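Q: Could you take me on a close look at the metal site in this model and the space around it? I am new to reading structures, so please go step by step.

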Amino acid sequence: HHDDEIGMLVRSYNRNQQMSQRHLTEEHDLLTALDNHQFAIWLQPQVNMQTREVVSAEVLLRMKQPDGSWTLPDDLIPRIENCGLIFTIGNWVLEESCRVLARWQSQGITMPLCVNISAHQLLHEEMGSSLLELLARYRIQPGMLILEVTESHRIDDPKKAVSVLRPLRKAGVRIALDDFGMGYASLRHLHHLKALPVDALKLDKSFVDGLPEDHAMAGVIIGMAKTLGLKLVAEGIENQAQCDWLLKEGVTVAQGYLFSRALTLKEFDAQYLSATHQ
Ligand code: C2E
Ligand code: CA
Ligand code: CA
Ligand code: CA
């Protein structure tokens, strides 16, 4: 019996060793990739569906693959989270975004950027101060940076989230809850979220996919945004019927393949910001 327990302990010790070894290799590989410029940020336009004008853009992380393509493997963000690099890589994304905003500002272009921030990243103790430092260093004008908080249902300490978000919001950062409506185990979570200082909700693609026929969830979330006085941005619009239904419900800003896929910085500038298109 005693031997069993020792055996179990040894096995669990070995498992932990293997796991931390895997994390170390993964951490090393990801940091090397970052050093070797194998990460990039791409931009997906957010458009006014009535005028088709671009009003802002979402920053999406891409990684160069062995075949030369730039994609975001489904497991990349979870892998980054698991080996503890989400704060480091997330800050790189934020700094690249500020760099773009500063360049646009110097060219007289006013185009806000939405950056994804995982709940875990948001609750990192240095998140607030490091972002405030970036905003100051790049002299970012108020309202130009929007944080899309992903996996917000995993915010188990709303008080802490509020203490991070308040000063950021004071500094002109706007806050949106991403994938709103996904993964909420109970209404209690929604109640917590009501306490967060946020400006907008993002209607997840999974609620847009079935439009216009299957509109129950989309209707609820649009109703909540109205009740709470929040802006709403819809994502994943692929056809005109979805666009029409959303417009009818009063949603005007959206992103999706119907308008554009994510573009490289160069492509985005050329298509939406070059003089001939202004
Ligand atoms: P998300 O925030 O829900 O981002 C929207 C995803 O939907 C993006 O996938 C985008 O390329 C894709 N998409 C947009 N429009 C359409 C459409 O019309 N049809 C279809 N089929 N797809 C569309 P992507 O770039 O693969 O990103 C996946 C997720 O990874 C994002 O989901 C976001 O949660 C996360 N992510 C991306 N970049 C970052 C980042 O820098 N930091 C963090 N923490 N998460 C990120
Ligand atoms: Ca997002
Ligand atoms: Ca998401
Ligand atoms: Ca989504």
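A: Let's begin with a term we will need: a residue is buried when its relative accessible area is under 20%, exposed when it is over 50%, and partly exposed in between. Keep in mind, too, that this is a predicted model.

Now to the metal. The calcium ion (ligand 2) is held by four donor residues: Glu-58 (OE), Asn-116 (OD1), Glu-148 (OE) and Asp-178 (OD), at 2.1 to 2.3 Å. Along the sequence, these donors follow the spacing E-x57-N-x31-E-x29-D. Two of them show how the site links distant parts of the chain: Asn-116 sits in strand β4 (residues 113–118) and Glu-148 in strand β5 (residues 145–150), 32 residues apart.

Are these two donors buried or exposed? Asn-116 has 24% relative accessibility, so it counts as partly exposed. Glu-148 has 1%, and therefore counts as buried.

A second ion belongs to this picture. The calcium ion (ligand 3) lies 5.2 Å from the calcium ion (ligand 2). Asp-179 coordinates the calcium ion (ligand 3) through two OD entries, at 2.2 to 3.1 Å. Asp-179 is part of strand β6 (residues 174–180).

Next, look at the open space. The largest pocket has a volume of about 1,300 Å³. Of its 44 lining residues, those closest to the centre are Glu-58, Leu-60, Leu-72, Asn-116 and Asp-178. You have met some of these names already: Glu-58, Asn-116 and Asp-178 are among the donors of the calcium ion (ligand 2). Several elements give two or more residues to this lining, including β1 (39–48), α3 (86–106), β4 and β6. The most comes from β2, with five residues. Sorted by class, the lining has 19 nonpolar, twelve polar and 13 charged residues.

The second largest pocket has a volume of about 410 Å³. It is lined by 26 residues, and Ala-200, Lys-231, Leu-232, Val-233 and Val-253 lie nearest its centre. Among the elements that give two or more residues to this lining are β2, β5 and β6. Its residues divide into 15 nonpolar, four polar and seven charged.

Finally, there is an enclosed space to find. The largest cavity has a volume of about 40 Å³, and its lining includes Leu-135, Ile-140, Met-144 and Val-173. By class, that lining has seven nonpolar, three polar and no charged residues.

Terms used. Residues are numbered from 1 along each chain as its sequence is written. Chains are lettered from A and ligands numbered from 1 in the order in which they are written. This is a predicted model: local features need pLDDT of at least 70, side-chain atom pairs count only at pLDDT 80 or more; totals for chains, interfaces and linings use all residues. Side-chain values use heavy atoms; hydrogens and water are left out. Donors are N, O and S atoms within 2.8 Å of the metal (3.2 Å for Na, K and Ca); water is not among the atoms, so sites may look incomplete. Helices (H or I, at least four residues) and strands (E, at least two) are DSSP runs, numbered from the N terminus. On a 1 Å grid over the protein atoms alone, a cavity is a set of points where a 1.4 Å probe fits but cannot get out, and a pocket is an open set with protein on both sides within 12 Å along at least five of seven lines; lining residues have an atom within 4 Å of a point. Grid points are joined across faces, edges and corners, and a volume is the space filled by probe spheres set on the points. Ala, Val, Leu, Ile, Met, Phe, Trp, Tyr, Cys and Pro count as nonpolar, Asp, Glu, Lys and Arg as charged, and the others, Gly among them, as polar. Buried means under 20% relative accessible area, exposed over 50%, partly exposed in between (1.4 Å probe, protein chains only).
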